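Have the sequence and the coordinates open side by side. The tour below goes from strands to helices to cores.

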Amino acid sequence: MADICTGRSLLSAEQKRQGDEHEASAFRKEFLFCGRTLVLKEKYHLGFGGCLWNGGEVLARYLESHFPRVTGNPPKCVELGCGLGLAGIVLGMLGARVTLTDLEYVLPLVVQNLEENVPELVSSGMLDAAPYSWGTTEQTPLQPPYDHILLADCIYDEELIAPLLQSLRFLCAPDSTVWVCFEWRLCEAIPTFFREVAQYFS
């Protein structure tokens, strides 16, 4: 079972060394959320997971203005395919307890963005990061059910729809909310997702 970041770095010495080698190729994007400046690093050599897609920023903006105000116990949330982690970070700033997930090779970038922007939320356990591959329901660091599940620009490949839906069914309770934001693309993945998801979610 993989480790989860709770107030300490997930990065091994080797991962940090490899990260340093690519530091010169890192780009930074600056955002203002909840009255606070966030500076997130992008690393294009990581592929899809190393850059911010439009859906990530749009979902973060939507959450900032529409997520229910947290007044009691923080809701338990997870972001799938988080990439840079913007939507999950903003949800944590709004008072939720969030686990940001992506494939293991993306995780060092996720952790770096967490630790450089919201270290107090990492040290308090409100934000953590874990490796997760869609469709996995055993031997996983995740502990369902979750109150809220975030999907930002995760609908782009028809072959990934079945494992993504399997993950949603695994992570959700009957009263869970799935927040989905995507960029419309000329591909079969989007209609396939909404056709299939209608069998299990309202």
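Strand β6, residues 146–152, pairs with β7 in the parallel sense, and six bridges join the two. One of the bridge partnerships links H148 to T177 of β7. Keep in mind that this is a predicted model.

Now widen the view to the whole sheet. Five strands make up an open sheet, and its order reads β5-β4-β3-β6-β7. The pairing is parallel. At the edges sit β5 (127–131) and β7 (172–181), each of which pairs on one side only. From one strand to the next, the twist averages 25°.

Next, look at what covers these strands. Helix α6 lies across β3 (76–80), β6 and β7. Relative to β7, α6 runs at about 135°.

The helix α6 also has a helical partner. Two packed helices are described by the angle between their axes and the distance between the axes. For α6 (residues 161–171) and α7 (residues 189–197), the axes come within 10 Å and cross at roughly 35°. The crossing of α6 past α7 is right-handed. On the α6 side, I161, L164, L165 and L168 make the contact. On the α7 side, A189, T192, F193, E196 and V197 do so. By character, the residues of this contact divide into seven nonpolar, one polar and one charged.

Turn now to helix α3, which spans residues 86–93. Is this helix mostly covered or mostly uncovered? It is mostly covered, with eight of its eight residues buried. Residue by residue, the buried set in α3 is L86, A87, G88, I89, V90, L91, G92 and M93. Just after α3 comes G95, whose phi is positive, at about 105°.

That burial leads to the interior. Which residues have the most contacts inside the largest nonpolar core? They are L86, I89 and L114, in a core of 38 residues. Helix α3 gives the most to this core, contributing six residues.

Take I89 as a vantage point. Leaving aside neighbours within four places in sequence, I89 is in contact with L38, L40, L84 and L100, among others. Its contacts also include N113, L114, V118 and L127.

Apart from the largest core lies another core, of 20 residues. Its members include V78, L171, I190 and F193. F193 has appeared before, as one of the α7 residues in the contact with α6.

How values were computed:
Residues numbered from 1 in each chain as written. Predicted model: local features only at pLDDT ≥ 70, side-chain atom pairs only at ≥ 80, totals over all residues. Heavy atoms only, no water. Axes fitted to C-alpha atoms, helices over the stretch in contact; angles between N-to-C directions. Helix = DSSP H or I, 4+ residues; strand = E, 2+ residues; numbered from the N terminus. Left-handed = near helix turned anticlockwise from the far one by under 90°. Contact = heavy atoms within 4.5 Å. Nonpolar A, V, L, I, M, F, W, Y, C, P; charged D, E, K, R; others polar. Buried < 20%, exposed > 50% of the residue type's maximum accessible area, 1.4 Å probe, protein only. Pairing = 2+ DSSP bridges. Core = buried A, V, L, I, M, F, W, Y, C linked by side-chain atoms within 4.5 Å.
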